[in-house]
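Q: I should like to learn how to read the features of a protein model. May we go through one together, step by step?

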Amino acid sequence: MTVRVLISDKMDPRAAAIFRERGVEVDEMDGQTPEQLKAIVGKYDGLAIRSSTKVTKDLLDAATRLKVVGRAGIGVDNVDIPAATARGVVVMNTPFGNSITTAEHAIALMFALARQLPEADASTQAGKWEKNRFMGVEVTGKTLGLIGAGNIGSIVASRALGLKMKVVAYDPFLTPERAIEIGIEKVELEELLKRADFITLHTPLTDQTRGILSRGALAKTKPGVRIVNCARGGLIDEAALKDALDSGQVAGAALDVFETEPAKDSPLFGTPNFISTPHLGASTNEAQVNVAIQVAEQMSDYLLLGGVTNAINMPSLSAEEAPRLRPYMTLAENLGKLVGQIVGEDVRSVAVEVEGAAAQLNQKPITGAVLAGLMGTYSQTVNMVNAPFLAKERGLDVREVRHDREGDYHTLVAVEVVTSKGTRRVAGTLFGNRAPRLVEMFGVEVEAELAGSMIYIVNTDTPGFIGKLGTALGQAGINIATFNLGRRAAGGEAVALVAVDGDVPQTVVKTLCGLEGVREVVPLRF
Ligand SMILES: NC(=O)c1ccc[n+]([C@@H]2O[C@H](COP(=O)([O-])OP(=O)(O)OC[C@H]3O[C@@H](n4cnc5c(N)ncnc54)[C@H](O)[C@@H]3O)[C@@H](O)[C@H]2O)c1
Ligand SMILES: O=C(O)CC[C@@H](O)C(=O)O
């Protein structure tokens, strides 16, 4: 089937070129209104965005084919991640492609504030030559306070250290070892506010960071501080910043990002010593090429090979690993489906065990596939992406067990569920490392390929039963494709997995239940 991607924001043409090279059909349509986007999004398997497209729940509801949203950039606050996850859509970003560029923009804005460059430029070009009006400050020897010392914060730190600044950072997740490694001093926020001559912000916008530079925090800053925000609007209280600039508590502020974007109007506009840029942090040729190439490769890997890189809502799975894992995922999903169709929703906990060669692989996708198969029997919208989240939401206890040793099979995946009636376990292997086969079902050795339409029958092992079963199916016009049998002991409980051509109507299930010695009949679909 044709795989289609929509690039809905302005992106370097290399993104579209990569999609085409890899055999993905691509449309480029930036500047669509939310309504226009909603009308067309249903045609696409992938959506490649920057910051303008808002991937809301409403848009996702219309995106019935969508499998992946790729953000050519870092922040994913324009994507409703819980809604995407609930719909089984992978959200990926490109976490490093624009970090240097954004760090350089922060440094550029710091210098622009230190020397009032925009105002000096405007005044000079207006023919005023106000040499005495624009007295600046040196950055050498000054203290830079970083709020957030992740990718971008640490690049800013290295540049600032090169400028002979002292760098202190407030970041609760920064380890003391990492602080030493990058040559900065880890401090609490209060201390940073007290000591910093310049403050730059580099955190995501979260419940913890929203308004981190509040009115109260701004009042605690060193008088005459200069502040740069190239991270996210909402980290600074903009009204309080305006007052602090007016009072002189803050000597200068530069914002690349605003609480409301596009920021066409702001009380800060026109304030002396205030500089703004229209969310240009990532806007260099180099960064845009980096993120465009990266997002197109990552999305193609996922759509064509199942490889997952830099996903926000799913564990990683390299494009090299994905083909090796594919037969295991089929096996795992089918084992989940098998159990799900037999025990229904009555599942309290699930243990996924891998043994032998399977234990050398990334287990998360295998577990995701089991859960998708299991829960897919009672939910239409479940897939590998949302299955672990839905399992958690349902309070399902999920356990992963890994046995490096080989048992009877060189590789084995087993699924054990606990229901109100007890524990049930199924297991499967790969024949020739690629063909998934069931090998154990509820304590009985039974070998079967789980595919198409099947019937699961539990009966008392008596002579002549198979003949009666074949006759009943024949009379109902159902052709048997394969017959797979197993039993606990001669004359004890026997299990049959019968592959048939076509669906098995309820009337036939009823007839089979009426055969002598039959204890359970469940039609199955794989
Ligand atoms: N202006 C732009 O165009 C532009 C471009 C790229 C990135 N960004 C934004 O810059 C920000 C930083 O990006 P990054 O790549 O460095 O991200 P990152 O994840 O590498 O770093 C973020 C840092 O913030 C820290 N942090 C989290 N919560 C915190 C808290 N409560 N207090 C202090 N620190 C906290 C984290 O520990 C982490 O070290 C993001 O918001 C990103 O969206 C903006
Ligand atoms: O795409 C952009 O121009 C901005 C990107 C930036 O906000 C990011 O978080 O990566």
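A: We may begin with an annotation, bearing in mind that this is a predicted model. An unreviewed UniProt entry places the feature "domain: ACT" at residues 454-516. In the model, the end C-alpha atoms of residues 454-516 lie 20 Å apart, and the span is 30% helix and 37% strand.

Q: Which residues are the closest to ligand 1, and how many surround it?

A: A ligand is read through its shell. Here 31 residues surround ligand 1, and the closest are Gly 75, Gly 148, Gly 150, Phe 173 and Gly 281. The shell around ligand 1 divides into 13 nonpolar, 15 polar and 3 charged residues.

Q: Which helix gives the largest share of the shell around ligand 1?

A: That helix is α7, with 3 residues. Both α5 (99-114) and α7 (151-162) supply at least two residues each.

Q: Where does ligand 1 lie with respect to domain 1 and domain 2?

A: Ligand 1 lies between them, because domain 1 (4-96 + 286-305) and domain 2 (99-276) both give residues to its shell.

Q: Is strand β6 largely enclosed or open?

A: To judge a strand, one counts its buried residues; a residue is buried if 20 or more other C-beta atoms lie within 10 Å of its own. In β6 (residues 143-147), 5 of the 5 residues are buried, so the strand is largely enclosed by the rest of the structure. Thr 143, Gly 145 and Ile 147 point one way, while Leu 144 and Leu 146 point the other way.

Q: Which strands pair with β6?

A: β6 pairs in the parallel sense with β7 (residues 166-170) over 5 bridges, and Ile 147 has Tyr 170 as its bridge partner. With β9 (residues 198-201), β6 also pairs in the parallel sense, over 4 bridges; there Leu 146 stands opposite Thr 200. Finally, β6, α7 and β7 make a right-handed β-α-β unit.

Terms used: Residues numbered from 1 in each chain as written. Chains lettered and ligands numbered in written order. Predicted model: local features only at pLDDT ≥ 70, side-chain atom pairs only at ≥ 80, totals over all residues. Near = placed C-beta within 6 Å. Nonpolar A, V, L, I, M, F, W, Y, C, P; charged D, E, K, R; others polar. Domains from an automatic or database assignment. UniProt positions renumbered as here; feature names shortened; annotations may be inferred. Buried ≥ 20, exposed ≤ 12 C-beta atoms within 10 Å, placed from the backbone. Pairing = 2+ DSSP bridges. Right-handed = clockwise from strand over helix to strand, strands pointing away.
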